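Take a look at the sequence and the model below. This short report covers confidence, a contact between chains, and one helix.

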Amino acid sequence: MIMRRHTRALLAGLAVLALALAGCSGPSGGDAGGSRDATVQLYQAPRGFNPLLASIGPDHLMEQLHWDSLVSAAGDSTYGARLAERSEVSADGKTWTFHLVQGAKWSDGTPFTAKDVVFTYNLYANPKSGSGYVGKFANVNGAKAFKDGTATSVAGFQAPDDNTFVIQLDQPNVAFLDELVQPIMFILPEHVVGKFPVDGLTNNPFWRNPTVGLGPYVFSRWVTADQVEFKANPNYRKKLGLDRVFAQYLTTDAAMAQLQTGKLDYAQVAAPDAKRVEGLKGVKLQRAEGPGIFALHTAVDSGKLANPLVRQAIMYAIDRDALVKQVLNGEGKVVDTLVHGPSWAVPSGLTHYGYDPAKAKALLAQAGWNPATEVRIELTPGQRDRDTAATIIAAQLKEAGINAKVQNYQAAELSQALGKRDFDLLISAYGQFTIDPASMNARLSCAAVGGTNITAYCNKDLDALLNQGIATKDQAQRQQIYAQAQKIVNEQMPILVMYVPNTIAATSDRLKGFQLNPSVVDAFWNAADWSVS
Amino acid sequence: MIAFLVRRLLVSAVVLVGISVLLFVLLQLMPGDPAEMMIDPMSFSGDRDAAVALRRHELGLDASLPVQYFHWVAELLRGNLGFSFSSGQPVTQVMAERLGPTVSLMGTALLISLLAGIPMGIVAALRRNSAVDYGTTVVSLLAISVPSFFGALLGIYVFGLKLGWVPTSGMNSIGGGGFLDSLHHLVLPACILGFALAGPYVRYARAGMLEVLGQDFLTTARSKGLTRRRVIGRHALHNALIPLVTVVAIQIPTLFAGAVVVEQIFAWPGMGRMALDAVLARDYPILLGFVMAVAVLVLLCNLLADVAYALIDPRIRL
Amino acid sequence: MTVTDVPAPAAAPPSGAGHASPGRLAARRFFRHRLALAGLIMLGLFALAAIVLPWILGTDPNQVIPTAIRQPPGAGHPLGTDSAGRDVLARLLVGGRISLLVGLSSALVATLIGLMLGAVAGYFGGWVDGVLSRFADVVLAFPSLIVIIVVAAFVGPSLPTLILSIGLFGWPTPFRIVRGLTLSLREQDALVAVAGLGAGPLRILRRHVVPVVVAPLTVVATLAVAQAILLEATVSFLGLGVPPPTASWGNMLNDAQSLTILETMPWLWLPPGIAIALTILAVNFIGDGLRDAADPRRGR
């Protein structure tokens, strides 16, 4: 009797559980096999679709599906045409003209025009919008008046007609395009976002559930907190090969497992896993030399590592070849300057910092380095290859006579350390340094101190060259200018560059048209060309 | 009874206020500023200090601590736990999304642990000092001693990688696959968590059963000529198992601790992983919401255990 | 695992009571408990290995060899090397020290706090006892792992933080025992009488409470050691415990959270995992045996 009552209670419990399970069994009906759906990995949890924020990688990826921008970085590290079919700069380097695609429409059918671009760029130049890119437009005509509140918009952003967008600069910049490349500077719909108040725009729920898009696959719904469904944009300017794209946050391991089962069509692959993935059936591995760098950053203004001799010593003390070979399984390349492409921008005769502990010790002695000074190697833990690299770097610096230790920081603490200018050797991997050498301006120019120049390195000679570089249109002259600039960077090591990790992507055999972009955050740049077999 | 309930509920309310105040103070001491993190220094171009200040204002972090607290309480009373710093979603919505997966994982684990633990404990008690009893003791000690994360890694290695029986992570296949697919994903994590939980239940069930078996009324029942089977089935089990209800009730909150670990390893999109992510990302509103939810659960389960105990055992009066 | 704070009742106590003194009876029962003895031997060996072997081997657990990363077990590295080229055996042994250190010191902290508060609650009774008992109930029911993770995030992960936070949330179990025994002493009027003779509370605690509670407290403290070792490993595994490069079994396993390592490099995760499980098992065996020994009524 009693037992029976217990049994019944258990059965009831089971039934409830079954219901709960059925309730959370996720997206039903999407069978990945025969349909025109594709599933792609996001390597971190996505947050939303607000391109105004200086946001995180997975959001960049989702934004590439949903939004569109003027120019992208193409697969071969050149500028790729997007909404701007062509762009040109005037002879004086001050007027940039963008010729926009004809007949493009937002997903709700509203025509896309140059007015949308002007509207959006005004938002990017407006700190009240929460924009993370105000600093990029300091040189645009009228930006200062706009910022001071004496003008209601930036005079230098103009739309002479519906298909032309013009930017007027105060100072010449022939490399201005480099500032606008995807995955940032996506264009927003004026007829929707223009209705929102600019104050508190960041908190608008629209960014989580955008109703209108311009990219090939527009947001449809959040299936779970980790998965987003995109639908083919009915008004896209090209015929699309897919009906739906599912973007799913998966850890590297989960992604590898799902690749194996054929449920996943794209995943980013970590260097240590490349060999394993290469052996999987039905999976294709693609790799390219990345555009970014893995580097150590020091607050030059804090004074601890302000002496270039010490920085050179650190370079010699680290066996970077071994790091690439052992930690990255050879999936990377050792470089000696920040900008490592295109080839014309990398001069010959740069110093190569090979592993040489004796030289490191000599340089430290010459610099009068105090071996008791503690040097922290700061990083956000969680990425295995980086964690390992940090451990090895710390050990090797110790051997060279630098009292180094690894300091794990969570993201919030790291940002705070940056804000307080209190960091010794902060590990970060980032950037796009292969299209135009002017990409180093954001990291090394005096004007960017307090912003993207996080080391606060400011060198008058280098600065003059960098300014000259963007003011000069002649290619031969630019080559000469940047050869000098690169020599300074190579010698001074304001950012201690370690290596360039390869970008490795795995795609399923059924996904066609995927073209690897060396930049990880640009992986979805040609989603419009995707299809499944 | 009613007076007891009222008193306990009042005490619980005071405890909740205490915990929330404590948490609020501690959160402010936490190193790292969420606003700073949102304005990523590596990619932000412009006046970062102003942008951080603006963000802090938007998040309400620039107000004084008491103001922040009372604002939070006022919103809480309206059913609003604030907005996640990292996704901007309402905390209630985030927690609701994560509740389902967590409940299905913890519920199944609890069920497994009871179904495995209690019969084992009973059998061990009935065959006291036999090989079965000693074996049960060792198994239950193993369950308590093997860390669930190591158990999970072993399970993934054996059943996921070597035998290929179960998926190594996630709650369902991408694109879904219905109920059976979910069950397939659930088996391993639920068993790992269930095994860990079963240890104590074995021992409680055994001890409870032994206690009852030694009591006088069973002897009386036996002397009345009832068979051993009937005595055990009708009288002993009832009296031995009912106290377990209270033990289970008190243990429920600790399931969350196990869930943090197991969800992390199996990439299970539940509340445990949410909490860990929130700790790492300094997502105060989520963290506050989670800890408060656990606190409410703890107090509720405690109360439930007391009430259940009183209802079951007439000797106890509340 | 699952961090269970509620102490489980005794396991199989072998019966058999002779006409010996209670002390000898307890000792016999304890040693009869073969599991406890096995646990004691195991733990002794582990402790010996952790303390002595690093000196004998002379391998630096933090020495990085970038050219010998993830080497399988072999000459020079009996358990292979980890992802930074460090000797796994050396790290395993040093990690054992950390585990024992955290286990013993947090159990000590928890027991001392429990002893103090329990004596206070039992001695004063009334509302003091009410408040403290209520508080203990809540702390006991609160999943300590979650609290410790949150605390680790507040103050930053470090060894002292870990020991203190584990200790600070482990006091309710000893508290309950001490409180109960003190309370019963009080009811026997023994304390009242002594207090009437002018003995201070501290003296009463030392002379009358401690001797009574020492046996049951030892049991609880032993189980608390197992609990603390488990918690340390778990928190370190989640990356919020013992900060690198210091080796701990938990953070060694943290490294194995990748399928590639799990599948192809068992020497990186099996040894620390087995070490944790066996150590905790050994301590639990001992605790179990002690419990039987300390509580003759269980022999029923």
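## Confidence

In chain C, where is confidence lowest and where is it highest? This is a predicted model, and confidence varies along chain C. The low point is helix H1 (residues 22-32) of chain C, with a mean of 62. The high point is helix H3 (residues 88-124) of chain C, at 93. Over residues 1-19 of chain C, the pLDDT is below 50. That stretch still has 65 contacts in the model beyond near neighbours in sequence.

Chain C as a whole averages a pLDDT of 82. At least 70 is reached by 83% of its residues. For the complex, the predictor gives an ipTM of 0.86 and a pTM of 0.86.

## Where chains A and B touch

Chain A brings 60 residues to this contact, and chain B brings 57 residues. Several elements of chain A give two or more residues each, including strand E1 (37-42), helix H6 (252-261) and helix H12 (411-419). H1(A) gives the largest share of chain A's side, nine residues.

What kinds of residues make up the side of chain A that touches chain B? They divide into 25 nonpolar, 26 polar and nine charged.

## An enclosed helix in chain B

Helix H11 (residues 254-265) of chain B has 12 residues. From first C-alpha to last, it reaches 18 Å, close to the expected 16 Å.

Why is H11(B) described as largely enclosed by the rest of the structure? Because 12 of its 12 residues are buried. Among them are B:Phe256, B:Gly258, B:Glu263 and B:Gln264. After H11(B) comes B:Ala267, with a positive phi near 50°.

Definitions and conventions:
Residues are numbered from 1 along each chain as its sequence is written. Chains are lettered from A and ligands numbered from 1 in the order in which they are written. This is a predicted model: local features need pLDDT of at least 70, side-chain atom pairs count only at pLDDT 80 or more; totals for chains, interfaces and linings use all residues. Two residues are in contact if their C-beta atoms, placed from the backbone, lie within 7 Å. Helices (H or I, at least four residues) and strands (E, at least two) are DSSP runs, numbered from the N terminus. Ala, Val, Leu, Ile, Met, Phe, Trp, Tyr, Cys and Pro count as nonpolar, Asp, Glu, Lys and Arg as charged, and the others, Gly among them, as polar. pLDDT is the predictor's confidence in each residue, from 0 to 100. The expected span of a helix is 1.5 Å times one less than its number of residues. A residue is buried if 20 or more other C-beta atoms lie within 10 Å of its own, exposed if 12 or fewer, and partly exposed in between; C-beta atoms are placed from the backbone.
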